[in-house]
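Thank you for making time this morning. I would like to walk through one model with you, beginning with a term we will need and then moving to confidence, empty space and a handful of individual residues.

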Amino acid sequence: MLDRALVFLDLETTGAAAYADRITEIGLVEVDKGEQVGEWSSLVNPERPLPPLIESLTGITDAMLAKAPTFAELAEGLYQRLAGKTLVAHNARFDFGFLQSEFRRVGLKFAPEVLCTVRLSRRLYPQERRHNLDSLIERHGLSCDNRHRALADARVLWGFTQRIHQDLETSEIRKAVADQLKKPQLPPGLPADLPERIPEGPGVYAFFSQGNMALHVGKSMNLRARVLSHFSGDRRPAWRACADIARVEWEAAAGELGMQIRHMHWLQRLQPLYNSKPSRFLS
């Protein structure tokens with residue numbers, strides 16, 4: 001893991017949905033071949049009021065953000081700072097999803113290698129039940145001087161990475177990292193550009209067999225990440241055989257409620273082979 005250029009990233013945001021919410025703070029710790037080479041952080045004006053719960057959690061206020069730069073003003077410099085580096089974040093799908101959405105709004109495609117320290121902790125410490133950031137701080141004796149602020153939390157991730165290299169065999173860490181960075185292996189019948197075609201917002205999806213039978217119907221607040229997760233990672237569903245999947249369909253939704261309603265209708269209409277039957281369908 002320490003043989004490459006890394007950026008440990010944490011974000012604060014106005015909420016949990018990358019397609020609708022916005023970034024309020026970015027914190028980065030830059031590491032090259034095992035040595036910290038820099039830090040950077042900035043508040044980000046989300047151009048909307050902060051929810052009271054977020055303000056209470058982070059200590060960031062509307063007044064603090066009023067004079068902060070917008071993401072559009074930071075985008076070009078941030079994009080160059082991240083270029084060619086592996087992004088490391090806790091629950092990385094969240095942070096990566098927000099960054100990708102923000103870059104897309106200003107016309108930039110962002111597709112780095114991404115490492116998730118939640119997944120890394122689960123893989124390297126399977127005997128532990130909890131892998132949230134507070135649990136890592138307590139378990140590994142890490143320090144955090146300003147929890148729920150972006151740069152302080154990014155420093156924790158760098159500290160965690162240093163600690164695992166002290167405690168574990170390098171070969172064990174290297175294998176866990178390599179497995180996480182494996183590219184999705186799509187079934188031969190699916191188009192190579194499928195990852196670029198699937199949207200990242202909420203919606204439903206279905207896998208179909210060569211004989212046009214619906215195999216599985218799913219839903220997610222991030223369609224692309226969820227669909228691709230079926231073809232990569234450590235936890236593939238037991239039913240999934242690559243050769244059986246010949247087609248993927250999806251439908252975007254406006255939000256979580258629309259996603260749930262569409263999911264029920266798709267289950268009712270398609271009767272997928274490998275979904276458990278819900279107790280009640282929508283009529």
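When I speak of a helix here, I mean a DSSP run of type H or I that is at least four residues long, with helices numbered from the N terminus. In that sense A63 belongs to helix α2, which covers residues 62-66. A63 is exposed, its relative accessible area being 63%, and its C-alpha atom is separated by 23 Å from that of L28, a residue 35 places away along the chain.

Before going further, please keep in mind that this is a predicted model. The protein chain has an average pLDDT of 90, and 94% of the residues score at least 70. Over residues 279-283, however, the pLDDT is below 50, although this stretch still has 11 contacts in the model beyond near neighbours in sequence. Where pLDDT is low, the predicted coordinates should not be read in detail.

Let me turn to the empty space. Rolling a probe the size of a water molecule over the atoms shows where such space is left. How many cavities of 30 Å³ or more does the count give? The count comes to 1 cavity, and the space in the largest cavity is about 30 Å³. Its lining is made up of V7, L82, K85, T86, L87, F110 and P112, which by class gives 5 nonpolar, 1 polar and 1 charged residues.

The largest pocket, for its part, holds about 1500 Å³ of space. Its lining has 41 residues, and those nearest the centre of the pocket are R93, R119, A225, L228 and S232. Divided by class, the lining of this pocket has 17 nonpolar, 8 polar and 16 charged residues. Which elements each supply at least two residues of that lining? They are the helices α4 (92-105), α5 (117-124), α8 (170-181), α9 (194-197) and α10 (223-229), together with the strand β5 (114-116).

One of these helices, α5, deserves a closer look. In α5, the residues T117, V118, L120, S121 and L124 are buried. These residues lie on the same side of α5, because the arc they cover around the axis is only 165 degrees. As for what covers the buried residues of α5, the list includes the strands β4 (86-89) and β5, as well as the helices α6 (133-140), α7 (150-167) and α8.

Helix α8 thus appears both among the suppliers of the pocket lining and in the cover over the buried residues of α5. S171 lies in α8 and is exposed, with a relative accessible area of 51%, which is over the 50% that the label requires. From S171 to R226 the C-alpha distance is 29 Å, with their positions 55 residues apart in sequence.

Helix α10 also contributes to the pocket lining, and S229 is located in α10. Is S229 buried or exposed? S229 is buried, because its relative accessible area of 15% falls under the 20% cut-off. S229 and L82, which are 147 residues apart in sequence, are 24 Å apart in space from C-alpha to C-alpha, and L82 is one of the residues lining the largest cavity.

A second buried serine is S42, with a relative accessible area of 13%, and its place is in strand β3, residues 35-43. Leaving aside residues up to four places away in sequence, S42 touches T24, E25, I26, P69 and L74.

Q268, in helix α11 (residues 256-270), counts as partly exposed at 33% relative accessibility. Between Q268 and W250, 18 residues apart in sequence, the C-alpha distance is 15 Å.

I will finish with backbone geometry in two loops. H148, which sits in the loop between α6 and α7, has a phi near 70 degrees, a positive value in a residue other than glycine. H148 counts as partly exposed, at 23% relative accessibility. N212, in the loop between β6 (203-208) and β7 (214-220), likewise has a positive phi near 70 degrees without being glycine. N212 is partly exposed too, with a relative accessible area of 49%.

Technical notes
Residues numbered from 1 in each chain as written. Predicted model: local features only at pLDDT ≥ 70, side-chain atom pairs only at ≥ 80, totals over all residues. Heavy atoms only, no water. 1 Å grid on protein atoms, 1.4 Å probe; cavity = no way out; pocket = protein on both sides within 12 Å on 5 of 7 lines; lining within 4 Å. Points joined across faces, edges and corners; volume = space filled by probe spheres on them. Nonpolar A, V, L, I, M, F, W, Y, C, P; charged D, E, K, R; others polar. Buried < 20%, exposed > 50% of the residue type's maximum accessible area, 1.4 Å probe, protein only. Arc of directions from axis to C-beta. Contact = heavy atoms within 4.5 Å. pLDDT = per-residue confidence, 0-100.
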